[in-house]
Amino acid sequence: MSDSLPPQGGHVHTPLHHVTPISTYLTVFAALAIGTLLTWYASTLDLGMMNTPIALLIAVIKATLVILFFMHVLHSTRLTWVVLIAAFLWLGVLFVLTFSDYLTRAWPIY
Amino acid sequence: MSDLAFEHGEEHPPHPFLQHHFEDLGQQHEASTLGMWAFLCTEILFFGGVLLAYWVYRIMYPAAWALGAEQQNTLAGGTNTLVLIVSSLTMALAVRSAQLNNRRGTVLMLILTLIFGTMFLGIKSYEYHAHWMEGLFPGAHWHWQPKDPAISALTPKVQLFMVFYWGLTGLHALHMVIGVGLLLYILARAWRGDFHAEYYAPVEVMGLYWHFVDIVWIFLFPFLYLIPHVGAHHVG
Amino acid sequence: MTTTTLHDVRFIEPAKTRNYLNEDYGFFSWVLTRDHKRIAILYLISVTIMFMVGGFFAMMMRLELLTPEGDLLTSDTYNKFFTLHGIVMIFFFLIPSIPAVLGNFILPLQLGAKDLAFPRINLLSWYLYIIGASFGTYVIISGGVDTGWTFYTPFSTQYSNTHVFATTLGAFIVGFSSILTGLNFIVTTHRMRAPGLTWFRLPLNVWALYATSIVMLLATPVLGITLIMLMIERVLHVGIFDPALGGDPLLYQHMFWFYSHPAVYIMILPAMGVASDVIAAFTRKRIFGYKFVAFSSLAIAFLGFLVWAHHMFVAGISVYSAMIFAFLSFFVAVPSAIKVFNWTATMYRASVSWQTPMLYAMGFIGLFTIGGVTGLFLASLGLDVHVTDTYFVVAHFHYVMVGGAVMAYMAGLHYWWPKITGRMYPEWWARLAALLIFVGFNLTFFPQFILGYLGMPRRYHAYAPEFQVLNVLSTAGASVLAVGYALPLVYLLLSLKLGRPAGPNPWGAVGLEWTTSSPPPKENFHETPVVTWEAYDYRGMMKAMGETQNV
């Protein structure tokens, strides 16, 4: 690319952060596309109770790939990890404690 | 988050995009990305709240949920998933080009991202239009009924499903529209040559937002289009 | 300490120094400012107005409750007044009060930063607050809302014919103001600390504001989405929370309290931060067990999310779930108690100076403790069934929110007033107001514990005659409280003209905010400070003072 000269002529610009190789991006992209097809294919099968967990599992794997590679979390500071984990921890609290009500309402009272 | 007005530091001219209250571009970059991550935390809980309600009712009314998902155009939804994944790839490559001082590459990849983002919204509007015509919009306009009159009791619950369908995809589409607007702004700046290896935080932050919106759709696709019939298979 | 270099400007009139107040003049230099100090002043004015509005509703309710009959307000008007009192005080006063006013002003100063990380977002958050407050004001003028501040469904979505939509929209918008403030604080605390200012050198106020920001960032969006669902249901008449159409009203309560219980910690955590700073300054000691107090803020921020369904014990949730929530609720008491014990231990054998901020801080500790302990009563399943929806609950949360959060807000406002304005408030009047507020508060709300325990239900404009004596006491207390709150409004405003110049450090306190001039210059510090001392290093400061002070 001829246009790669920095606009602030004179300064040497080095990347602040890790630069991911294109091959990694393409591999992740392929995995995401395959995951999409897989989740559609799995939904056409009758797997009984397993349909929903499988769909969820594929979605979680896809999301993890996007987060780790496209969003550069793999090469980010520990703080980024903490922030991200906190968000999912809080989401987990919201779900687990709410369902602690819904899933035990039908239990008998002694 | 660019701030052209800076008042101090006449000693040696600071970088034109360094805001006055930061020491250097590194600090500014770290602040911007952390700010976006913190915002995404908020977003996770924002979508998380409505997904919680979705799951409560999905567990309560599995048959209605499956029937609702059957009304969706899986081909359109699947295509849109792929479209968004491609746009995420081009977005990631735009950030990479900015990291490597490649102005032309950044501009090209941002344009592609913009095209795929708009394509997603186009397909989504096509789906919305179809739902509207079929009477699948909740509220006064609702006139959809299941083909099999034996399960017409499910109709209010299917309407509840469609509330979540419109709500979740609508919220997601709103994020896409905002994303497209931000992309235009970032594109203009990239065109002008603002970004380079030391200063590309706006592209990076844009990317984080865009990928997040992609992740939301990765979950919405199976949640809204691919719900299995539990127990009573092939009903309706 | 750099106090020596600042001594020479000690008694200069604030107007004669270059500072953030006289850097720029004119209306637009304020409403378009990106200076965190000016935005704090904008917030100060806004929340004070809202406090007066909320106070008006409170006063009208207390007047109505002077007699058992409903003779001043109709039941409909009373419903609207308690609703508006709650909405205005919680969403438009308490939540932004300490973080957005005092935090906005003090946090960058305590960090040695020139501003918050995102000055424009900071201004945006004030505008969002104003837009939200405009919706609130519109609702008040156009006839009110009667759902209670909790907007419980299906009443709010299907039955109430008041302005539910505009109110919830206002609350939704003001929620984003709060999210943006929290976001700004978190990034600023991580990325903008002065050189040498490590986490364990931070004042406890910063820790508290950081913990508060976590709660703002992670709880508020859930309220936002819940209110959106409520608005959708109200407009489209679909049954998201309507049992007649397949919805579950309890889901609304779960989601509402997932925000609104932690919202109490948005109010009380920064109050604890202010109390820590004030107690250290007026006992001339490092806070006992600094690290415990610091981490207990984070512990409260997390544990506060695990207890929300204790607001729903009688609403019909699963008994098993209720037992879990009751059990978890007791855990929040642990970090709160750690703080109270450590503040007390700090004061042990210290030479305490009883200036106004310290009086308020003492009031805070006592009243918050009562509020917290009665919270434990309410978190106990069996007792809660007895006192749910009685005045016991009303008294409990007023002890936490008014006795706790507002007392600390007043402490902080007086403590940092010289820094904000460059002038001292009149000490005698301020002590009188602190005394009136303390006495008036207890007279107002202590009888309500008894009333509630005896069975007087909340949210009614009439009551059984045998409750009248205690209600009259409560109303009398409210009048004293009103005078107590009106006094600072007068003397603080007057002090802007008449107060004596404060100098950079009128309290002889430690902390970066006291090393710059009062009021601070626009860029906060003339040069970026380098921190080489621990938090609350009063021992080191005393030594330095002994060498230089000659006043």
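Select Glu30(B) and Arg191(C) in this predicted model: their side chains meet in a salt bridge, with an N to O distance of 3.2 Å. Extending the selection to the surrounding elements shows helix H1 of chain B on the Glu30(B) side and helix H7 (residues 164-191) of chain C on the Arg191(C) side, so the pair joins two chains. Glu30(B) is partly exposed, at a relative accessible area of 21%; the boundary for buried is under 20%.

Next, keep chain B displayed and add chain A. Here 59 residues of chain B are in contact with 56 residues of chain A. The two chains bury about 4,900 Å² between them, and 77% of that area is on carbon and sulfur atoms. Across this interface the rule finds zero salt bridges, while five residue pairs are in polar contact, both residues at pLDDT 80 or more. To see which elements of chain B supply the side that touches chain A, colour helix H1 (25-60), helix H3 (74-99), helix H4 (103-133) and helix H6 (201-225) of chain B; these are the elements that give two or more residues to it. H1(B) gives the most, with 19 residues. By residue class, the side of chain B that touches chain A divides into 35 nonpolar, 16 polar and eight charged residues.

Now move to chain C and select Glu534(C) with Arg201(C). Their side chains form a salt bridge at 3.2 Å, N to O. Glu534(C) sits in the loop between helix H16 (468-498) and helix H17 (538-548) of chain C, and Arg201(C) in the loop between H7 and helix H8 (204-236) of chain C, so the pair ties together parts that are 333 residues apart in sequence. Glu534(C) counts as partly exposed, at 38% relative accessibility.

Stay in chain C and select Arg458(C) and Asp389(C). The closest N and O atoms of this salt bridge are 3.9 Å apart, and the cut-off for a salt bridge is within 4 Å. Arg458(C) belongs to the loop between helix H15 (427-454) and H16 of chain C, and Asp389(C) to the loop between helix H13 (381-387) and helix H14 (391-421) of chain C; the pair therefore ties together parts that are 69 residues apart in sequence. Arg458(C) counts as buried at 15% relative accessibility, whereas Asp389(C) counts as partly exposed at 45%.

For the last stop, select Asp101(A), Arg105(A) and Asp248(C), which are linked in a network of salt bridges. Over all chains, the structure holds 13 salt bridges.

Notes:
Residues are numbered from 1 along each chain as its sequence is written. Chains are lettered from A and ligands numbered from 1 in the order in which they are written. This is a predicted model: local features need pLDDT of at least 70, side-chain atom pairs count only at pLDDT 80 or more; totals for chains, interfaces and linings use all residues. Side-chain values use heavy atoms; hydrogens and water are left out. Contact means heavy atoms within 4.5 Å. Buried area is the accessible area (1.4 Å probe) that two parts lose on being put together, summed over both. A polar contact is a pair of N or O atoms within 3.5 Å; within protein, one must be able to donate a hydrogen and the other to accept it, and residues adjacent in sequence count only if both atoms are side-chain atoms. Helices (H or I, at least four residues) and strands (E, at least two) are DSSP runs, numbered from the N terminus. Ala, Val, Leu, Ile, Met, Phe, Trp, Tyr, Cys and Pro count as nonpolar, Asp, Glu, Lys and Arg as charged, and the others, Gly among them, as polar. Buried means under 20% relative accessible area, exposed over 50%, partly exposed in between (1.4 Å probe, protein chains only).
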